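Q: Please take a close look at one part of this model, the place where two helices pack against each other, and then set that part in its wider surroundings.

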Protein chains: 2
Amino acid sequence: MRIECIAIGTELLTTRRIDTNSVWLGERLASLGLGFHRKTAVGDIRRDLAELCREALTRSDLIITTGGLGPTFDDFTKEIFAEILGADLVEDTRCRADMVAFYAARNRVPPQVNFKQALIPAGAEPLRNPVGTAPGVWWQDPPGHRGVRIAMLPGVPREMKRMWEEGVEPRLLPLAGRGVHTLRMVVAGVPESNLDERTREVRERHGHLDWTILANLTQVELLARGPDPAELEAARADFEPVLGADLVSVGDGNLEDAVLEALKLRGETLAVAESMSGGLLASRLTAIPGASEAFLGGATVYTVRAKAALLGLDPAWLETVGTVSAACAAALADAVRRRLGATWALGICGNAGPGAEGGAPVGTVFLALAGPTGTEVRSPTLVGDRAEVQLRSTALALDLLRRAMASAR
Amino acid sequence: MRIECIAIGTELLTTRRIDTNSVWLGERLASLGLGFHRKTAVGDIRRDLAELCREALTRSDLIITTGGLGPTFDDFTKEIFAEILGADLVEDTRCRADMVAFYAARNRVPPQVNFKQALIPAGAEPLRNPVGTAPGVWWQDPPGHRGVRIAMLPGVPREMKRMWEEGVEPRLLPLAGRGVHTLRMVVAGVPESNLDERTREVRERHGHLDWTILANLTQVELLARGPDPAELEAARADFEPVLGADLVSVGDGNLEDAVLEALKLRGETLAVAESMSGGLLASRLTAIPGASEAFLGGATVYTVRAKAALLGLDPAWLETVGTVSAACAAALADAVRRRLGATWALGICGNAGPGAEGGAPVGTVFLALAGPTGTEVRSPTLVGDRAEVQLRSTALALDLLRRAMASAR
């Protein structure tokens, strides 16, 4: 079964907007033992989209499109397919009623232009959109293309996902192969190349699994894919001794999930005081549901005034030691730990750029961990632009706490 | 001139790895007045890649590939094109010498398998790789395809970029069109469909510009592209009265840039107190270089304990009014404004989900703005998952402040 994905939107070609829908769809297909043979991004240009749709009909058994279902002048996915396949667009009364109800729930009436969204190609079925106004389309065996299936989904990720889960996946179940299973191991504090070398022997021992190493700014992921869960489990068991304390977790979570999980298990709490990272660490933690069970909160003390007002640090003393210093980081962690009565506290200061600050070159970072047995400070030098230095500093801080908890076990 | 991009690598179809090379290439093309009509990701599968290359030769004037130039068994971009076009692969002595020199500089000799990389299709030119071992290929007027150009580049971004700059861009200069200019207008507080309707007339008046409306969770962008800066300037002038106070900014910046810019112009300062958004608002502001000139800092008061310890709120009083309430949001803003001595302060509380909290359904949000003339609270109900509710709440808070500053002008 050949499946292709078509992401529609000029912004995907001309701006930094990236098609992330197809990544999510690829994972869902893998869980059904299916996968894309290609994915294409194309603009809101009639000629280009029509050319691509025509080709896709000749080479693929399932065509999944995202985007171009909205109410505006440059939304015409349904029109193009209807035109190519010689079908009329017909208003679907249920879609129209859904749309009116959607607006009514918000005390509004649909703008006239929106009714275009209730048009569905004759012979196709609408896919309901429970979280938006644009219905999708499921078109099986369109004229002249027996055996072909077309799923037209919205470009808005939240709408696309719900429609896939409720409308498309159930229709694909009869076609699903043996599901592909994934073993995902998250590692922190180790460069990708080191991980590649250290794990080569074990990967070769499990050579008929499909291996990938994916590094980003906060962690490295080792992925293995294969049809047999027992084989993946055996690979995991072989990996654990090789990775040791560098292994953050196995499964879906990331570094921040692992830290919150460990805190909850120990019945301990965390507070943070962030200068350079400006709230990013708190934000990464509070992105996780239930974070408040272990994360108490923190202070974003981006200025001396804030360090004084929220944490009681003495401006004159800060002037002496410098706001980019080990002493400052330690004072941040100690103060926020004391104020919030937390078991642990992390303090971050440094210079993320773009310019040098108080003599500290860009990339200078001080990370402090205050805990039951004292306060320790690390001072890595980070490479990258402002966003990278901020993000990596939060990852290193979390990893510092993770390792401290693991060794204090 | 029709240009397409082909990104080669199975990891682009089966993992979360995303093709960012084509985003970079798209920007470089735009600076030459050129652009992609489509971009495709395909796996390291001979049949799939050959099918795609064959098609591309029939529809595009310039084909840019990334990936598949390495030494391993699944690198075969050059072979595929050579096969399709009926050309032999011939070892290029200079490429071989470059490779030997590259390894010699690292006190090594090239592995035998690497010499495959020095093979170039007969009739094509090698593109030197100053930062890696795989040369690229420039193939102009390949057999049977007069007027077609193929650029085969490595998949490693650093190598791809250098090769583009040194080998490909100079060859494209004679074909470059008039650079394309972009007018970007950022709008907040307005749904995309409203903007579409309100701006239709002006867009039609400037109909030979290329229009795109790009909505995300925090703002809507109106983009116009065209060759003539004067025409874009005329469009901007026509838009301003239509958009009125909804227009956040013109140019590169986003909502948070506009807010910081306005604060700096007025010599005013901002502090934030975040419960539900957990540091995200602070993090968005401090992502911008120079934020500390106007953003003093804030408190991430995710728990009652933090609200008491960092902002001096009375836990018993919080218990009475509830931590998801207008009174709580106002108290957060007032307290952090007073503590930090800021001109303005934003307070955010609510329930981002997943579960109901203290009787407040998911999506309930209270946003408070405290300023020189008092404190106001808004209570929008937001739709979406946890991350979306958190992000949208920070955008609405920023927009509340932006509008207050504009009307207090």
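A: In this predicted model, chain A is divided into domain 1 (3-175), domain 2 (181-250) and domain 3 (255-407), and the centres of domain 1 of chain A and domain 3 of chain A, taken over C-alpha atoms, are separated by 45 Å. The helix pair to examine lies in chain B, where helix α9 (residues 255-266) packs with helix α14 (residues 386-407) at an angle of about 35°, their axes being 10 Å apart. The crossing by which α9(B) passes α14(B) is left-handed. On the α9(B) side, the contact is made by B:Leu255, B:Glu256, B:Ala258, B:Val259, B:Ala262 and B:Arg266, while α14(B) supplies B:Ala395, B:Leu398, B:Asp399, B:Leu401, B:Arg402 and B:Met405. Sorted by character, the residues of this contact comprise eight nonpolar and four charged, with no polar ones.

Turning from the helices to the meeting of the two chains, 63 residues of chain B are in contact with 63 residues of chain A. On the side of chain B that touches chain A, strand β2 (residues 36-42) of chain B gives the most, with seven residues, and the residues of that side divide into 26 nonpolar, 20 polar and 17 charged. The chains are also linked by strand pairing, in that strand β14 (residues 295-300) of chain A and strand β14 (residues 295-300) of chain B pair in the antiparallel sense over three bridges. Within that pairing, A:Thr300 has B:Gly298 of β14(B) as its bridge partner.

How values were computed
Residues are numbered from 1 along each chain as its sequence is written. Chains are lettered from A and ligands numbered from 1 in the order in which they are written. This is a predicted model: local features need pLDDT of at least 70, side-chain atom pairs count only at pLDDT 80 or more; totals for chains, interfaces and linings use all residues. Axes are lines fitted to C-alpha atoms, for helices over the stretch in contact, and angles run from 0 to 180 degrees between N-to-C directions. Helices (H or I, at least four residues) and strands (E, at least two) are DSSP runs, numbered from the N terminus. A crossing is left-handed if the near helix is turned anticlockwise from the far one by less than a right angle, and right-handed if clockwise. Two residues are in contact if their C-beta atoms, placed from the backbone, lie within 7 Å. Ala, Val, Leu, Ile, Met, Phe, Trp, Tyr, Cys and Pro count as nonpolar, Asp, Glu, Lys and Arg as charged, and the others, Gly among them, as polar. Domain bounds come from an automatic or database domain assignment. Two strands pair if DSSP finds at least two bridges between them.
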